[in-house]
Amino acid sequence: MGHSAAVWDHRASIEMTKDWNGIDQVVLRSPRGASARISLHGGQVVSWRNDRGEELLFTTSKAIFKSPKAMRGGISVCFPQCGSCGVLEQHGFARNKIWSIEDDPPPLNQKDSVGKSFIDLLLKPAEEDLKFWPHGFEFRLRVSLASDGNLTLVSRIRNVNGKPFSFSFAYHTHLSVSDISEVRIEGLETLDYLDNLCQRERFTEQGDAITFESEIDRVYLSSSQCVAVLDHERKRTYVMRKRGLPDVVVWNPWEKKSKAMADFGDDEYKQMLCIGAAAAEKSLTLKAGEEWMGRIELAAVPSTFCSDDLD
Ligand code: TA6
């Protein structure tokens, strides 16, 4: 398998491996020992570890690693829709497809290359996708790991069709938390949100921070570029910085729904928070030849981090 010139420079920190279905996975490593594992199934980040080897992403113990369904956990890419609508599968087909490694992607910002180990993935529509979603696109996903262990995902979606098309998008990020009752999110307070548990009715967030005591399934609208998830018990704060993605999905199924999901442990909702940078409320439109970019950078820092640090 070939690698682009930039990847080649970082070759020592990239390994190829396979999962138990024989699907390729790419493992990125930082010099200090942080790592990220990316599956070609869905372009899904299935593991992200800090330099102490601690797993930062949640994966259900009941995961069904079977094509074409995406495994529940990690970071999954929702495209061409976030949610369920029309004939397309829930959260779109991108997460259920086998991606390829791209040898020579169009150049990206230096910030997303220099000093990082990274991999470039590519998804193009298959014949069967065109039956349900008849739009020519090229979806490039770069996943990179910086020397400090920060993880960045950059998605570039190009319209290679003659006609415009619209889509919605999300990075569904399943964070590993100590106990959901001990977690709070800062950076979404005072925002309007659509409540998926109330037919997407619009409400305004009243609390100082978002805390959890029951099922939640919301899309917070037009947030700032930085959102923090504070895990008191682990003394860890996840910081998510986003670009091109106005909204934030917040989901936890809580007890009853957990029990109803075949691929989720009954009590696993306690250890999981799904938070997703998204373009969900308003769809995005690309004219012929246009490209859209959506980026997230995730950091896991000690909880001495202060919410004043949010930009
Ligand atoms: O964005 C939240 C949500 O759409 C929830 O409604 C919930 O169903 C979740 O995503 C998981 O979806 P999935 O298709 O992965 O089971």
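1. A residue counts as near the ligand here if one of its heavy atoms lies within 4 Å of it. Keep in mind that this is a predicted model. By that cut-off, the residues around the ligand are Arg72, Gln90, His91, Arg95, His172, Asp217, Val249 and Trp251. Sorted by class, that shell has 3 charged, 3 polar and 2 nonpolar residues.

2. Now for the polar side chains. Asp217 has a side-chain N or O atom 2.4 Å from an oxygen atom of the ligand. For Arg95, the matching side-chain distance to a ligand oxygen is 2.8 Å, and for His91 it is 3.0 Å. On its own the ligand has 390 Å² of accessible area, and the protein covers 80% of that.

3. Where does the ligand sit? The space it takes is the largest pocket. That pocket holds about 610 Å³ of space. Its lining has 27 residues, and Gln90, His91, His172, Asp217 and Trp251 are the closest to its centre. Strand 10 (165-176), strand 15 (216-220) and strand 18 (247-252) are the elements that give two or more residues to this lining. By class, the lining splits into 10 polar, 9 nonpolar and 8 charged residues.

4. Have a look at the second largest pocket too, with about 330 Å³ of space. Of the 21 residues lining it, Asn50, Arg52, Ala300, Val301 and Pro302 lie nearest its centre. Strand 4 (45-49) and strand 20 (291-302) each supply at least two lining residues, and strand 20 gives the most, with 4. This lining divides into 9 charged, 7 nonpolar and 5 polar residues.

Key
Residues numbered from 1 in each chain as written. Predicted model: local features only at pLDDT ≥ 70, side-chain atom pairs only at ≥ 80, totals over all residues. Heavy atoms only, no water. Polar contact = N/O pair within 3.5 Å; in protein donor to acceptor, adjacent residues only side chain to side chain. Areas by Shrake-Rupley, 256 points an atom, 1.4 Å probe, with all protein chains shown as cover. 1 Å grid on protein atoms, 1.4 Å probe; cavity = no way out; pocket = protein on both sides within 12 Å on 5 of 7 lines; lining within 4 Å. Sits in = over half its atoms within 2 Å of the grid points. Nonpolar A, V, L, I, M, F, W, Y, C, P; charged D, E, K, R; others polar. Points joined across faces, edges and corners; volume = space filled by probe spheres on them.
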